[in-house]
Amino acid sequence: MDLYDAVEEGVPTAVVSVIAGAFGGTHESVMDLIGVSESTFRRKHEASEPLPEVAGHRVMGFLRIVARLQRLLQESGDPAQLANFDLDAWVRDWIREPLPEFAGKTPAQMLRNPEGQRAIEELLDRMRGGLPA
């Protein structure tokens, strides 16, 4: 319900900074990921308005995917190895890697609409179950 409420109220522009900081990216790379232009972001940020609704959905989709990846790794990995594993760097690389499961598109490209987000979640579910991705 918290995610539902966040999208309904509007995702604040500050989330772009949080995501950029967490994943070692730039504001521009996050805006590209969620499909927001620099001018739209700046206008919304200066007016203290939330991101456009579609961008808010993409942000929430991204965060949902990252949470699934974290669970997947925690459930399947050796805790000693995971202690030294840089999940943020791995996600940053994985999200930009063209995958054959997506006909050569990257997970970042797939995040742009709900069907793509579902395809990513299905891929992660297959990985979690030990099935070939």
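Start with the whole protein in view and colour the residues by how accessible they are: in this predicted model, 35% of the 133 residues count as buried. The accessible surface comes to about 7900 Å², and 53% of that area belongs to carbon and sulfur atoms.

Next, switch to a cartoon display and follow the chain from its beginning. Which kinds of secondary structure, helices or strands, are in the protein? There are 9 helices and 0 strands, so that the pattern read along the sequence is α-α-α-α-α-α-α-α-α. The radius of gyration of the protein is 15 Å, close to the 14 Å that the globule rule gives for 133 residues, and the protein is therefore as compact as a globular protein of that length. If you turn the model along its principal axes, the C-alpha atoms fill a box of roughly 45 × 30 × 30 Å. Among the contacts between residues at least 6 apart in sequence, 55% join residues at least 24 apart.

Now select A6, which you will find in helix 1, covering residues 2–9. With a relative accessibility of 24%, A6 counts as partly exposed, because only values under 20% count as buried. Leaving aside residues up to four places away in sequence, A6 touches V11 and M60, so show the side chains of these two as well. Then add T106 to the selection and draw a distance: the C-alpha atoms of A6 and T106 are separated by 26 Å, and the two residues lie 100 residues apart along the chain.

The next stops concern charge. The protein has 14 positive and 21 negative charges, and the mean positions of these two groups are 4 Å apart. Side chains of opposite charge can pair when their charged atoms come close. How many salt bridges does the protein have? The count comes to 6, and the tour visits some of them.

Select R112 and D32, whose side chains meet in a salt bridge with a distance of 3.8 Å from N to O. This pair links distant parts of the chain, 80 residues apart, since R112 lies in the loop between helix 8 (107–110) and helix 9 (114–128), while D32 lies in helix 3 (residues 27–34). Is D32 buried or exposed? D32 is exposed, with a relative accessible area of 54%, whereas R112 is partly exposed, with a relative accessible area of 33%.

Move on to helix 4, residues 38–46, and select E38 and R42, which both lie in this helix, 4 residues apart, or about one turn of the helix. Their side chains meet in a salt bridge, with 3.8 Å from N to O. E38 is partly exposed at a relative accessible area of 35%, and R42 also counts as partly exposed, with 41% relative accessibility.

Finally, go to helix 9 and select R118 and E115, which both lie in that helix, 3 residues apart, again about one turn of the helix. The side chains of R118 and E115 meet in a salt bridge as well, and the distance from N to O is 2.5 Å. When you show the surface around this pair, you can compare R118, which counts as partly exposed at 42% relative accessibility, with E115, which is exposed and has a relative accessible area of 54%.

How values were computed:
Residues numbered from 1 in each chain as written. Predicted model: local features only at pLDDT ≥ 70, side-chain atom pairs only at ≥ 80, totals over all residues. Heavy atoms only, no water. Helix = DSSP H or I, 4+ residues; strand = E, 2+ residues; numbered from the N terminus. Rg over C-alpha atoms; globule rule 2.2 N^0.38 Å. Buried < 20%, exposed > 50% of the residue type's maximum accessible area, 1.4 Å probe, protein only. Contact = heavy atoms within 4.5 Å. Areas by Shrake-Rupley, 256 points an atom, 1.4 Å probe, with all protein chains shown as cover. Lys, Arg positive; Asp, Glu negative; His and termini not counted. Charge placed at Lys NZ, Arg CZ, Asp CG, Glu CD. Salt bridge = Lys/Arg side-chain N within 4 Å of Asp/Glu carboxyl O.
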